[in-house]
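Here's a quick walk through this model, from the ligand shell to a few odd backbone spots. Have the structure open as you read.

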Amino acid sequence: MRVLILGGTSGIGLALARHYLQRGDTVAVAGRDLARLPADLGAGAAQLQAYALDVTDAPALARVVQQFSVPGLDLLIVAAGFYFNTRHHPLDASTTLRMLRTNVGGMEQAFGLAAETMLAQQSGQLVAIASVAGLLHDYPGASLYSATKRSVLSLCAAYRTALQPFGIAVTAIVPGYVDTAQLRALNQGDASHKPFILSEAQAVAQITQAIRLREAVRVFPWQMRWLVALLNCLPAWLLALRR
Ligand SMILES: NC(=O)c1ccc[n+]([C@@H]2O[C@H](COP(=O)([O-])OP(=O)(O)OC[C@H]3O[C@@H](n4cnc5c(N)ncnc54)[C@H](OP(=O)(O)O)[C@@H]3O)[C@@H](O)[C@H]2O)c1
């Protein structure tokens with residue numbers, strides 16, 4: 001299988017790259033900083049390729065997707081994205097635009113480009129890593145992040161409707177907390193207090209199973225699905241207290 005992972009230089013994307021490399025797949029990872037890639041990642045793996053890429057750079061993104069898509073593309077995973085909480089620092093204009101262009105624009109452009117190849121070969125699967133933040137109606141401190149992930153879910157639904165008749169699957173991955181270095185960095189080095197947090201290995205097991213089964217949407221862990229449903233039922237006055 002030929003697998004392209006945008007945002008594959010760390011965290012969930014990198015863990016997925018390891019998984020597919022270990023299976024013997026041909027894997028390409030892309031990210032802005034290839035120096036983040038562990039030295040052992042490609043050990044013994046002739047099938048690893050790495051692209052220095054900022055997904056907000058539309059021509060560069062097109063070059064990478066088109067280059068790797070020859071001789072074919074079976075699986076595109078878009079993990080590139082970032083979180084920002086305005087509780088401690090206000091969002092400035094450049095971070096706002098960067099979040100929109102990375103979390104939404106990059107994902108949409110990548111899906112469109114990969115879909116061209118997959119439509120021509122009449123097979124393939126598009127996958128995006130959204131977040132349970134995108135299911136929450138109210139997310140104090142990270143409302144823009146939440147809106148970008150809601151957009152990812154909507155875009156996945158639109159691409160699924162458009163591509164299903166041609167045999168191309170679209171899978172939206174909706175994780176709760178995953179114990180990545182980035183999440184720890186956002187939590188002063190320790191994210192273990194986050195509710196129902198999963199290890200990267202547990203997240204990879206969930207994500208790869210959802211991909212294998214060509215599921216439309218996978219929300220995990222199950223406890224998070226219920227917590228989100230409960231939070232979405234809270235009355236306005238309680239939400240105001242939460243803020
Ligand atoms: N960890 C969680 O608890 C959690 C929960 C729900 C959803 N998610 C989502 O899962 C995804 C991965 O999160 P993570 O925790 O694994 O974070 P991470 O380690 O920071 O991974 C983000 C990846 O995206 C890449 N990236 C960021 N901006 C980019 C850009 N402009 N162009 C190209 N690549 C870019 C980063 O690489 P470079 O820095 O090299 O560019 C990195 O490889 C994100 O979309 C996040 O929103 C995470």
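First, some bookkeeping on exposure: a residue is buried if 20 or more other C-beta atoms lie within 10 Å of its own, exposed if 12 or fewer, and partly exposed in between, with C-beta atoms placed from the backbone. By that count Phe196 is partly exposed, because 15 other C-beta atoms lie within 10 Å. Keep in mind that this is a predicted model, where local features need pLDDT of at least 70, side-chain atom pairs count only at pLDDT 80 or more, and totals for chains, interfaces and linings use all residues. Residues are numbered from 1 along each chain as its sequence is written.

**Around the ligand**

The shell takes in residues whose C-beta atom, placed from the backbone, lies within 6 Å of the ligand. It holds 29 residues, and Gly7, Gly11, Gly31, Arg32 and Gly81 come nearest. Two or more shell residues come from each of helix H1 (11-22) and helix H5 (181-186); helices (H or I, at least four residues) and strands (E, at least two) are DSSP runs, numbered from the N terminus. H1 gives the most, with 3 residues. By type, the shell has 12 nonpolar, 13 polar and 4 charged residues. Here Ala, Val, Leu, Ile, Met, Phe, Trp, Tyr, Cys and Pro count as nonpolar, Asp, Glu, Lys and Arg as charged, and the others, Gly among them, as polar.

**H3, H4 and the core**

How do H3 and H4 sit relative to each other, parallel or perpendicular? Helix H3 (residues 93-121) packs on helix H4 (residues 143-163) at an angle of about 10°, and their axes are 10 Å apart. Axes are lines fitted to C-alpha atoms, for helices over the stretch in contact, and angles run from 0 to 180 degrees between N-to-C directions. So H3 and H4 are roughly parallel to each other, a label for angles under 35 degrees. The residues of this contact divide into 12 nonpolar, 4 polar and 2 charged. On the H3 side they include Met99, Met107 and Phe111, and on the H4 side Leu144, Val152 and Tyr159; contact needs C-beta atoms, placed from the backbone, within 7 Å.

H3 shows up again in the largest nonpolar core, meaning a set of buried Ala, Val, Leu, Ile, Met, Phe, Trp, Tyr and Cys residues joined through C-beta atoms within 7 Å. Of its 66 residues, Ile5, Leu76, Val78, Ala110, Ala114 and Ala128 touch the most other members. The largest share of this core, 8 residues, comes from H3. Leaving aside its neighbours within four places in sequence, Ala110 is in contact with Leu6, Val55, Leu61, Val65, Leu76 and Val78.

**Odd backbone spots**

Most residues other than glycine have a negative phi, and most peptide bonds are trans. Here are four spots to check against that:

| Spot | Backbone value | Where |
|---|---|---|
| Val70 to Pro71 | cis, omega near 15° | Pro71: loop between helix H2 (58-68) and strand E4 (75-78) |
| Phe220 to Pro221 | cis, omega near -10° | Pro221: loop between strand E7 (217-220) and H7 |
| Gln122 | positive phi of about 60° | loop between H3 and strand E5 (125-129) |
| Phe196 | positive phi of about 55° | loop between H5 and helix H6 (200-212) |

Gln122 is exposed, with 9 other C-beta atoms within 10 Å.

**One cysteine**

Cys233 is found in helix H7 (residues 222-233). Is Cys233 buried or exposed? Cys233 is exposed, because 9 other C-beta atoms lie within 10 Å. Its C-alpha atom is separated by 9.2 Å from that of His137, 96 residues apart along the chain.

Definitions and conventions. Parallel < 35°, antiparallel > 145°, perpendicular 65-115°, else oblique. Contact = placed C-beta atoms within 7 Å.
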